[in-house]
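The following exchange asks how certain descriptions of a protein chain are justified. Each reply sets a value against a definition.

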Amino acid sequence: MLVDMHVHTAPCSPCSFIDPEMMLEWAERMGLDALCVTEHDEICGAQQAWELGRKRGFRVFRGVEVYTEMGDMLVFGWLKDAPGWKVPYRELLEEVHSSGGIVIPAHPFRGQGGLEEMLGGEGMRELLSTCDALEVINGGTSPDHNRVAAEAARRFGLPGVGGSDAHHLAQLGRALTEFEREIESEEDLMREIRAGRCRAIYMKDAPRLRRPSAGWSI
Ligand SMILES: [Zn+2]
Ligand SMILES: [Zn+2]
């Protein structure tokens, strides 16, 4: 089962150009099985997309991308707005875990030096030994930096997930998480990630997906 685990919609993510209805239309036509909406620091867009998905019969799972002093975290199972700007990672982790949720560092090695340069080896070790999984393929991150993330996940025994980080429709599905089992709910999603029954892949490795083409009327 193929899930894009990291999508931003407009207007709730002001940096995104993706209309939620159009996103569902494209996701269906591409052959995606489900997607996760993860707006920056707030839950409203995910909630709205989840409701649209229910009406349409397409699976949408709700998350939030929270900006912390240890970088961006994808959070599932915690349906709240971020409690502030640059949230302390430890506080977020505690709160999310106590409500049964999971925390997944997004694009941990994106950019020059990535998080490692920002946090140092010790900070990085703290992060990787406390989070629940790692985003090892991020659609907006270079393959080299994604490879470093995949290597870090292996070293720390963390499940790896993939998501497009789409801000434009054409980016939808460019990175994915392939699950071994069917996922019907956010509970299923978290359980399967915790159990490591998933792997991150690029769209080119999912040949059954149909790529969006100019011929599609939108
Ligand atoms: Zn954004
Ligand atoms: Zn993002």
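Q: What makes the residue that follows α5 noteworthy in its backbone angle phi?
A: Glycine 157 comes after α5, and its phi is positive, near 65 degrees. This is a predicted model, in which local features need pLDDT of at least 70, side-chain atom pairs count only at pLDDT 80 or more, and totals for chains, interfaces and linings use all residues. Residues are numbered from 1 along each chain as its sequence is written, while chains are lettered from A and ligands numbered from 1 in the order in which they are written.

Q: Why is α5 called a helix, and how does its reach agree with the expected span?
A: Helices are DSSP runs of H or I with at least four residues, strands are runs of E with at least two, and both are numbered from the N terminus. Helix α5 covers residues 143–156, which is 14 residues. The expected span is 1.5 Å times one less than the number of residues. For α5 that expectation is 20 Å, and the distance from its first C-alpha to its last, 20 Å, is close to it.

Q: How do you know which residues of α5 are buried and which are exposed?
A: A residue is buried if 20 or more other C-beta atoms lie within 10 Å of its own, exposed if 12 or fewer, and partly exposed in between, with C-beta atoms placed from the backbone. In α5, Asn146, Ala149, Ala150, Ala152 and Ala153 are buried. These buried residues fall within an arc of 160 degrees (taken over the directions from the helix axis to the C-beta atoms), so they line one face of the helix. Asp144, Glu151, Arg154 and Arg155, on the other side of α5, are exposed.

Q: Why is arginine 211 called exposed?
A: Arginine 211 has 12 other C-beta atoms within 10 Å, and is therefore exposed. Arginine 211 lies in the segment after β9 (198–202).

Q: What makes leucine 134 a contact partner of α5 residues?
A: Two residues are in contact if their C-beta atoms, placed from the backbone, lie within 7 Å. Leaving aside neighbours within four places in sequence, the contacts of leucine 134 include Ala149, Ala152 and Ala153.

Q: How do you know whether the chain agrees with a compact globule?
A: The radius of gyration is taken over C-alpha atoms, and the globule rule is 2.2 Å times the number of residues to the power 0.38. For 218 residues the rule gives a value near 17 Å; the chain has 16 Å, so the chain agrees with a compact globule.
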